[in-house]
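Here are my notes on this one, in the order I'd go through them with the viewer open. Have a look at the model and then read on.

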Amino acid sequence: GVFKSGSGAVKIAGKETIWVPASAMYPSLTSGSPDAETIQITADANRPVIKTIAFDKDSDEYAQFSIAFPKSWNEGTITFQPFFTANTTNTGTALFMLKGITVSDNDAISVDFGTPQGTAKAHSGTAYDLDVGAESSAITIAGSPAVGDETFFAIFRDVSGDNLTVDALLTGIKIFFTTDAANDA
């Protein structure tokens with residue numbers, strides 16, 4: 001939140017968000033998702049085109065990305081919310097899971113991710129409607145999060161926990177984190 005103090009706005013520490021678009025994600029080389037692709041729903045320059053990762057209905061596929069969180073992050077748990085669509089009238093549910101590992105300067109990058117948490121959402125039943133999942137449970141990021149780290153994430157569709165009969169087309173995710181400082185000074 002922001003409140004006014006004299007002539008300037010003052011930022012208050014608390015819950016923040018980061019948008020991570022599908023275009024910033026890349027396939028894992030083992031059990032990887034496809035690359036993000038552009039979909040033009042309607043041939044009209046006055047309408048949005050979307051960049052999505054098509055997560056398969058038959059097997060868990062993984063995409064990855066990384067974030068260097070702001071210094072003001074409290075290094076605590078995070079949550080996420082998936083944004084996706086599907087080219088179908090099916091109303092099945094897609095379950096997206098997210099897990100992370102934080103790596104400090106001079107530490108090995110190749111270490112195991114933490115325990116994933118997920119959030120499921122039923123497709124609307126209309127082709128190419130936007131589906132916005134609920135916020136996930138708290139995700140503990142593996143490693144020892146510290147200021148200045150790079151945090152690596154893997155997102156996947158857990159097909160054993162969902163029943164959408166087509167690809168779930170992820171457009172991006174919103175990550176929620178908590179700050180304990182008003183800025184990154």
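How many aromatic pairs does the structure hold? The count comes to eight aromatic pairs. Keep in mind throughout that this is a predicted model.

1. Let's take one of those pairs, Phe69 with Phe153. The two rings meet edge-to-face, with 6.3 Å from centre to centre and 70° between the planes. This pair links distant parts of the chain: Phe69 is in the loop between strand 7 (62-67) and strand 8 (79-85), while Phe153 belongs to strand 12 (residues 150-157), and the two positions lie 84 residues apart in sequence numbering. Both Phe69 and Phe153 are buried.

2. Another pair to click on is Phe84 with Phe96. Here the geometry is tilted, at 5.5 Å centre to centre and 55° between the planes. Again the pair links distant parts of the chain, with Phe84 in strand 8 and Phe96 in strand 9 (residues 93-103), twelve residues apart. Phe84 has a relative accessible area of 1%, so it counts as buried, the cut-off being under 20%. Phe96 comes out at 0% relative accessibility and is therefore buried too.

3. On to the cluster. Which residues form one aromatic cluster? They are Phe65, Phe69, Trp73, Phe153 and Phe177. You'll recognise Phe69 and Phe153 from the edge-to-face pair.

4. Now the overall fold. The chain has 13 strands and zero helices, and from the N terminus on every element in the run is β. The radius of gyration is 18 Å, close to the 16 Å from the globule rule for 185 residues, so the chain is as compact as a globular protein of that length. If you're setting up a box, the C-alpha trace spans about 50 × 45 × 30 Å along its principal axes.

5. Contacts and burial, chain-wide. Of the contacts with a separation of 6 or more, 80% are between residues 24 or more positions apart. Buried residues make up 41% of the 185 in the chain.

6. Surface and charge. About 9,200 Å² of the chain is exposed, and carbon and sulfur atoms supply 48% of that area. The chain carries 11 positive and 22 negative charges, and the mean positions of the two sets are 9 Å apart.

7. Ser33 deserves a click. This serine sits in the loop between strand 4 (26-27) and strand 5 (37-39). Is Ser33 buried or exposed? Its relative accessibility is 6%, so Ser33 counts as buried. Setting aside residues up to four places away in sequence, Ser33 touches Pro27, Ser28, Ile53, Phe55, Glu61, Tyr62 and Ala63.

8. Last stop, Thr77, in the loop between strand 7 and strand 8, the loop that also holds Phe69. At 41% relative accessibility, Thr77 is partly exposed, because that class lies between 20% and 50%. Beyond its neighbours within four places in sequence, Thr77 is in contact with Ala138, Ile139 and Thr140. Thr77 and Phe177 are 100 residues apart in sequence, yet their C-alpha atoms are 7.0 Å apart in space. Phe177 is one of the residues in the aromatic cluster.

How values were computed: Residues are numbered from 1 along each chain as its sequence is written. This is a predicted model: local features need pLDDT of at least 70, side-chain atom pairs count only at pLDDT 80 or more; totals for chains, interfaces and linings use all residues. Side-chain values use heavy atoms; hydrogens and water are left out. Helices (H or I, at least four residues) and strands (E, at least two) are DSSP runs, numbered from the N terminus. The radius of gyration is taken over C-alpha atoms; the globule rule is 2.2 Å times the number of residues to the power 0.38. Buried means under 20% relative accessible area, exposed over 50%, partly exposed in between (1.4 Å probe, protein chains only). Contact means heavy atoms within 4.5 Å. Accessible areas come from the Shrake-Rupley method with a 1.4 Å probe; for residues, only the protein chains shown count as cover. Lys and Arg count as positive and Asp and Glu as negative; His and the chain ends are not counted. The place of a charge is taken as NZ of Lys, CZ of Arg, CG of Asp or CD of Glu. Rings of Phe, Tyr and Trp (its six-membered ring) pair if their centres lie within 6.5 Å; planes under 30 degrees apart count as stacked, over 60 as edge-to-face and the rest as tilted.
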